[in-house]
Amino acid sequence: MAQSNADVPRRDPQASLRRLPSVDQVLRGEAAHLAVRRFGRPAVTDAVRGALALAREELKAGVGLATTQELAWRATQMLEAAERPSLRPLFNLTGTVLHTNLGRAVLAQAAIEAATLAMRDAVALEFDLASGKRGERDDHLRALVCELTGAEDATVVNNNAAAVLLVLNSLAAGKEAIVSRGELIEIGGAFRMPDIMTRAGTKLVEVGTTNRTHPRDYADAIGEDTGLLLKVHTSNYRIEGFTREVTAAELAGIARQKSVPLVNDLGSGTLADLAAFGLAHEPTVREAVIEGADIVTFSGDKLLGGPQAGFVVGRRELIAKINRNPMKRALRVDKIRLAALEATLKLYRDPARLAVRLPTLRLLSRPQEEIAAQAARLAPKLAAFAGAAFDVAVADCRSQIGSGALPLATIASAGVAVSPRDGSGSALAGLSARLRELPMPVIGRIERGALILDLRCLEDEDRFSANLSGPAT
């Protein structure tokens with residue numbers, strides 16, 4: 001005989017709440033003792049209070065009573081989640097090698113070891129061991145940078161935006177800086193060249209039009225108030241069609257004739273000819289120096305393959321003036337990055353092994369055939385992870401350098417395409433979320449109704465496979 005609703009005993013939420021263990025009871029349990037050894041009593045006590053508060057809300061919603069052991073386990077989970085670093089390592093399968101949102105360049109092992117040594121002990125950061133007197137932190141890199149670029153002198157700050165800001169403020173504060181209208185860039189994070197010029201205290205003078213600028217445009221604009229000519233790498237876009245750009249060599253001639261300095265902001269900047277690695281040519285820093293720029297600025301964490309930094313190289317007297325700017329101290333780099341930069345730069349002294357030892361160039365020069373073979377090995381494992389609702393196939397795709405370098409150039413690559421059988425966008429979003437929840441998150445890109453996992457940047461295949469079967473966090 002079926003039991004009527006009236007015969008079912010009603011659960012009394014207030015009675016259940018009264019049966020919840022106290023904070024002290026939870027803390028006396030073995031599970032809580034183990035948590036205290038890991039996290040300390042104050043932290044565990046707070047977490048237990050949080051677990052009890054959550055249990056009370058669940059009881060009010062009709063969820064079953066939590067035991068002492070369950071509460072301690074939940075508190076431990078809370079503490080583990082809070083202890084996890086927010087800067088978590090992940091698998092970059094976006095196809096963008098130098099992804100700004102994912103930390104740009106992966107450091108070489110030599111750079112990692114050098115940075116670790118600098119962190120572990122006191123170092124001669126601004127101390128001359130030979131003389132026993134105060135030294136300069138630029139001395140650790142100056143000779144090496146000049147050797148690799150052909151510049152007379154060099155200095156370094158915390159990123160390329162800072163380098164441009166410092167140069168403009170040092171050489172053209174209260175004066176005019178002349179730049180082509182087609183080079184007034186805006187890059188990620190709302191970084192706009194006109195805004196940087198304003199903050200630097202220089203007056204922007206635009207010349208030419210968006211698509212065409214001629215040498216006479218610069219020459220006609222130069223006057224008594226001109227502080228410098230500025231050439232800017234257009235980074236993440238190109239203007240094509242009916243265009244005219246004044247080359248750096250042409251600008252150098254105009255600058256010399258008018259006795260004003262030329263600053264060439266290369267943006268990403270590379271010390272090696274990318275064509276030697278099967279990639280499209282990108283102007284090198286040495287080429288910019290040879291073409292006659294008085295100052296060249298470029299990044300450390302993009303094509304150079306090192307940590308975040310901004311380099312300023314060029315004429316000795318101008319570098320000296322830049323270094324006298326009080327702003328330089330506010331923009332300087334610390335001992336850890338200096339150590340990593342020095343180790344990275346030294347790799348360029350051995351071009352024959354550079355693509356093996358420098359992760360950025362190693363990833364950019366990986367053959368498509370090698371990546372496709374890896375995709376074939378991993379496709380079954382990804383299919384098992386995705387489940388029966390998805391089709392999984394090896395796919396050709398195109399990678400890109402990223403961070404503004406060669407924005408129109410792509411590199412033949414391969415990966416795995418995961419497509420929902422019902423064509424559902426929500427299914428793709430759910431799969432992407434599941435991959436992000438893995439112990440080591442996996443980040444791909446959604447393209448033409450499929451999740452594309454470009455494997456160009458995947459070097460540790462065994463770790464990736466193990467990660468797919470690991471517990472989600």
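**Close-up views of core, cavity and pocket**

**View 1. The largest nonpolar core and its best-connected members.** Among the 57 residues of this core, the ones touching the most other members are Leu229, Val296, Phe298, Phe311, Val313 and Leu345. Core members are buried Ala, Val, Leu, Ile, Met, Phe, Trp, Tyr and Cys residues joined through side-chain atoms within 4.5 Å, where buried means under 20% relative accessible area with a 1.4 Å probe, protein chains only. Apart from it lies another core of 27 residues, including Val167, Val179, Leu230 and Val232. The model is predicted: local features need pLDDT of at least 70, side-chain atom pairs count only at pLDDT 80 or more, and totals for chains, interfaces and linings use all residues. Residues are numbered from 1 along each chain as its sequence is written, and side-chain values use heavy atoms, without hydrogens and water.

**View 2. The largest cavity.** Its volume is about 30 Å³, the space filled by probe spheres set on grid points joined across faces, edges and corners. On a 1 Å grid over the protein atoms alone, a cavity is a set of points where a 1.4 Å probe fits but cannot get out; lining residues have an atom within 4 Å of a point. Here the lining is Asp138, Leu141, Arg142, Val145, Ala154, Thr155, Val156 and Phe311.

**View 3. The largest pocket.** This pocket holds about 1100 Å³ of space; a pocket is an open set with protein on both sides within 12 Å along at least five of seven lines. Of its 38 lining residues, Leu90, Leu102, Ala105, Val106 and Leu107 are the closest to the centre.

Technical notes
Buried means under 20% relative accessible area, exposed over 50%, partly exposed in between (1.4 Å probe, protein chains only).
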